[in-house]
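Got your viewer open? Let's walk through this model stop by stop, selecting a few residues at each one.

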Amino acid sequence: MDTLVSLGYWGLFIGSFLASTVIPMSADVLLVGVLTLGGNVWGCLAIATVGNWLGGLTSYWIGWLGRWDWIERWFKVKREKLEQQKGHVDRYGVWLALFTWLPIVGDLFAIALGFYRVRPKMSAFYMFVGRFVRFLVWVLLYIKYADRFIEWIS
C-alpha cells in the first residue's frame with residue numbers, strides 16, 4: 001500500500017483497479033492516503049471511482065467469458081445450483097451492480113452479473129454509481145475530518 005500511495009494518482013488508479021478485482025486490498029485506505037499527502041480532493045474522487053469501476057467491469061467481463069460446462073467441470077458446481085443462483089440474480093437483476101463495491105461479495109456479484117449476461121450497459125452504469133457514492137462518502141468524511149486523519153498518521 002505504501003508503494004501505491006507514494007505513486008500518487010497513478011498508485012490510486014492502479015490500487016483502485018486492483019481492489020475491485022479478486023485481489024484483497026482497500027481502495028478506501030489508498031484514497032485517504034493520497035488525500036492526506038495533498039492530493040486534489042475531486043481529482044482523487046474521479047481517479048478512485050474510474051479505476052475501481054474499470055476493475056469491476058473486468059470482473060464482469062471475466063464472468064461473461066465463463067461457461068456453464070466449465071463451472072460444472074472445474075468448480076464441481078452442479079447445473080441445478082447454477083440455475084438456483086441465476087434465479088437470485090434474476091430476482092435482483094441490475095440492482096446488484098450498485099453493490100459490487102462491497103468487500104468479498106461485490107466481486108462475486110460482478111462476476112455473476114457477467115456470467116448471467118445481466119444488461120451490460122445498465123450494469124456498468126449502476127456499478128459506476130455505487131462506486132462513486134462509496135468514494136464520495138470517503139471524500140466528504142476526509143473533508144470534514146482531514147485534520148484528524150493527518151494527526152492520526154503522524
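Before clicking, one piece of vocabulary: a residue is called buried under 20% relative accessible area, exposed over 50%, and partly exposed in between, using a 1.4 Å probe and protein chains only. Keep in mind that this is a predicted model, where local features need pLDDT of at least 70, side-chain atom pairs count only at pLDDT 80 or more, and totals for chains, interfaces and linings use all residues. Residues are numbered from 1 along each chain as its sequence is written, and side-chain values use heavy atoms, with hydrogens and water left out.

**Stop 1: Trp61.** Select Trp61, which sits in helix α4 (residues 41–65). Helices here are DSSP runs (H or I, at least four residues), numbered from the N terminus. Trp61 counts as exposed because its relative accessible area is 51%. Now add Ile62, Trp64 and Leu65: together with Trp61 they make a nonpolar surface patch with about 410 Å² of accessible area. To join such a patch, residues need over 30% relative accessible area and no salt bridge, and nonpolar side chains (Val, Leu, Ile, Met, Phe, Trp, Tyr) are linked within 5 Å. A salt bridge means a side-chain nitrogen of Lys or Arg within 4 Å of a carboxyl oxygen of Asp or Glu. The areas come from the Shrake-Rupley method with a 1.4 Å probe, and for residues only the protein chains shown count as cover.

**Stop 2: the largest core.** Nonpolar side chains tend to be buried together in soluble globular proteins. A nonpolar core is a set of buried Ala, Val, Leu, Ile, Met, Phe, Trp, Tyr and Cys residues joined through side-chain atoms within 4.5 Å. Which residues touch the most other members of the largest one? Select Leu12, Leu31, Leu35, Cys44, Phe135 and Val139, out of 18 residues in that core. Two or more residues each come from α1 (2–6), α2 (9–19), α3 (27–36), α4 and α8, and α3 gives the most, with six. Apart from this core lies another, of 16 residues, including Val94 and Phe115.

**Stop 3: Tyr116.** Next, find Tyr116 in the loop between α7 (105–115) and α8 (120–153). Is Tyr116 buried or exposed? It is buried, because its relative accessibility is 10%. Beyond neighbours within four places in sequence, Tyr116 is in contact (heavy atoms within 4.5 Å) with Trp68, Leu82, Gln85, Lys86 and Val89. Try a distance: the C-alpha atoms of Tyr116 and Gln85 are 9.5 Å apart, with their positions 31 residues apart along the chain.

**Stop 4: Ile150.** Finish in helix α8 with Ile150, which is partly exposed at 37% relative accessible area.

Key: Patch = residues over 30% accessible without salt bridge, like charges linked within 9 Å, V, L, I, M, F, W, Y side chains within 5 Å.
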